[in-house]
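This report introduces a few places in the structure shown below, moving from one residue to its surroundings and then to other sites.

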Amino acid sequence: MKKFNTLLCAIFFATQIFSQTVSTFENLSLASDTFWNGSDLSGGFNSGLASFPNSYSGGYWSGFTYTNKKDSTTSGSANQYSAITGSGYNGSSNYAVANEYGNAKIRLTANAGGKSVKGFYVTNATYAYMSMKNGDMFAKKFGGANGTDPDWFRLTVKGWFNGTLKNQSVQFYLADFRAADGTQDYIVRDWRWIDLQTLGNVDSIMFQLESTDTAGGFGMNNPAYFALDNFTTLEQVPFQTIAGFEDLSLAADTFWNGSDLTGGFVSGNGSFPNNYSGFFSGFAYSNKTDNTTAGSANQYSAVTAGGYNGSPNYAIANDYGNAKMKLTGAAAGKLVKGFYVTNTTYAYLSMKNGDMFAKKFGGANGTDPDWFQLNVLGWYNGAIKQQSVNFYLADFRSIDSTQDYILKDWS
């Protein structure tokens with residue numbers, strides 16, 4: 001007999017809708033084939049919901065400029081305001097150029113501050129591209145004379161929030177010659193998207209450029225420039241729905257397991273399928289409070305003896321079947337904020353003590369590196385997405401056995 005290892009998803013299923021604002025730089029006035037480099041000492045410019053600082057002194061600038069220069073062939077610093085693409089993203093006129101030798105830090109303005117940045121498009125400046133392609137009086141040709149030097153030019157993006165630099169970062173190679181197969185070497189010369197949503201909520205974005213060309217001991221030799229366009233911020237619209245299951249009618253200390261053959265239930269903007277043929281798979285809902293009785297006869301109880309934050313109702317998932325939530329209504333195709341999860345009493349006591357089908361987690365002496373993992377994946381337009389979220393409902397892998405656990409609260 002196969003053991004039905006049910007796990008519990010107390011699904012506070014919250015969807016969020018976001019609007020987005022794109023810094024296209026088309027709001028900034030420029031004559032054809034010209035640039036703004038901060039010589040007016042205004043200190044920067046705004047586009048969309050972002051502020052781009054600039055420092056100008058003695059004919060030199062750092063931070064950001066905006067431009068519509070089209071020169072993708074001329075080498076040298078006299079052509080420092082051009083992108084190698086010869087235009088902005090998707091053929092647009094204006095774009096920004098960053099000089100990382102200075103204040104290359106984008107600040108989000110009021111409506112976007114403390115929110116997520118979706119990302120931006122990036123490419124090389126002509127100045128940097130030509131330097132890496134051919135070498136110049138300061139920098140080497142990437143790949144070296146025979147093309148085998150494992151050179152690279154890397155952009156690292158980090159986020160600040162409330163004055164603190166966050167641990168997360170996103171890295172992107174503007175040039176990469178490390179592949180064993182030389183045909184895979186490249187210097188970026190088209191617009192590429194960089195997704196920044198993994199940085200989470202930020203109020204500023206900073207940039208760092210590094211490369212392998214550091215001969216001479218004075219730092220990076222190739223130009224510390226890149227071009228960017230369509231910097232996109234996300235502003236959360238105050239909308240979310242929570243599948244709390246309190247809209248589902250149940251007598252006290254009972255459950256619904258699909259024996260009426262209706263095929264599932266809906267709560268909030270989530271649809272929860274069920275398959276019943278004497279046993280259920282997919283989802284059930286419950287307000288059972290038994291957190292002490294072992295075995296499958298108690299498969300509808302949470303080890304917390306109630307829903308999240310003391311609420312009565314919660315959902316049970318049996319992964320031997322159709323444990324797939326579907327978004328409905330305004331939530332379809334939108335971001336899912338998350339949910340609370342814990343173990344069922346059935347699963348918890350099986351792992352804690354063992355039973356006729358399953359071992360005691362940790363084994364007889366508590367040193368077996370056992371674990372019980374929930375993997376959450378998403379579907380969109382009929383295709384499964386590559387991203388996943390993994391969560392341990394039990395984990396005995398630590399060298400320090402005091403860190404071993406079987407989850408028994410809502411997480």
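In this predicted model, Thr123 is buried, with a relative accessible area of 0%, a value that falls under the 20% limit used for buried residues. Thr123 has its place in strand S8, which covers residues 115-123, and its side chain reaches the backbone oxygen of Asp190 at 2.9 Å. Leaving aside residues up to four places away in sequence, Thr123 touches a set of residues that includes Ala83, Ile84, Thr85, Leu174, Val188 and Asp190, and Phe226 is also among them.

Phe226 leads on to the aromatic residues, since it belongs to one aromatic cluster together with Phe25, Trp36, Phe45, Phe52, Phe64, Tyr66, Phe120, Phe207 and Phe231. A search of the whole structure finds 34 aromatic pairs. One of these is formed by Trp36 and Tyr66, which are stacked, with 5.2 Å from centre to centre and 10 degrees between the planes. Trp36 lies in strand S2 (residues 35-36) and Tyr66 in strand S5 (residues 60-67), so this pair ties together parts that are 30 residues apart in sequence.

A different setting is found at the surface, where Leu377, Trp379 and Ile384 form a nonpolar patch that has about 320 Å² of accessible area together. Within this patch, Trp379 is found in strand S23, which covers residues 371-380.

The table lists the relative accessible area of three aromatic residues named above.

| Residue | Relative accessible area | Class |
|---|---|---|
| Trp36 | 11% | buried |
| Tyr66 | 9% | buried |
| Trp379 | 48% | partly exposed |

Technical notes
Residues are numbered from 1 along each chain as its sequence is written. This is a predicted model: local features need pLDDT of at least 70, side-chain atom pairs count only at pLDDT 80 or more; totals for chains, interfaces and linings use all residues. Side-chain values use heavy atoms; hydrogens and water are left out. Patches are made of residues with over 30% relative accessible area and no salt bridge: like charges are joined within 9 Å, nonpolar side chains (Val, Leu, Ile, Met, Phe, Trp, Tyr) within 5 Å. Accessible areas come from the Shrake-Rupley method with a 1.4 Å probe; for residues, only the protein chains shown count as cover. A salt bridge is a side-chain nitrogen of Lys or Arg within 4 Å of a carboxyl oxygen of Asp or Glu. Helices (H or I, at least four residues) and strands (E, at least two) are DSSP runs, numbered from the N terminus. Buried means under 20% relative accessible area, exposed over 50%, partly exposed in between (1.4 Å probe, protein chains only). A polar contact is a pair of N or O atoms within 3.5 Å; within protein, one must be able to donate a hydrogen and the other to accept it, and residues adjacent in sequence count only if both atoms are side-chain atoms. Contact means heavy atoms within 4.5 Å. Rings of Phe, Tyr and Trp (its six-membered ring) pair if their centres lie within 6.5 Å; planes under 30 degrees apart count as stacked, over 60 as edge-to-face and the rest as tilted.
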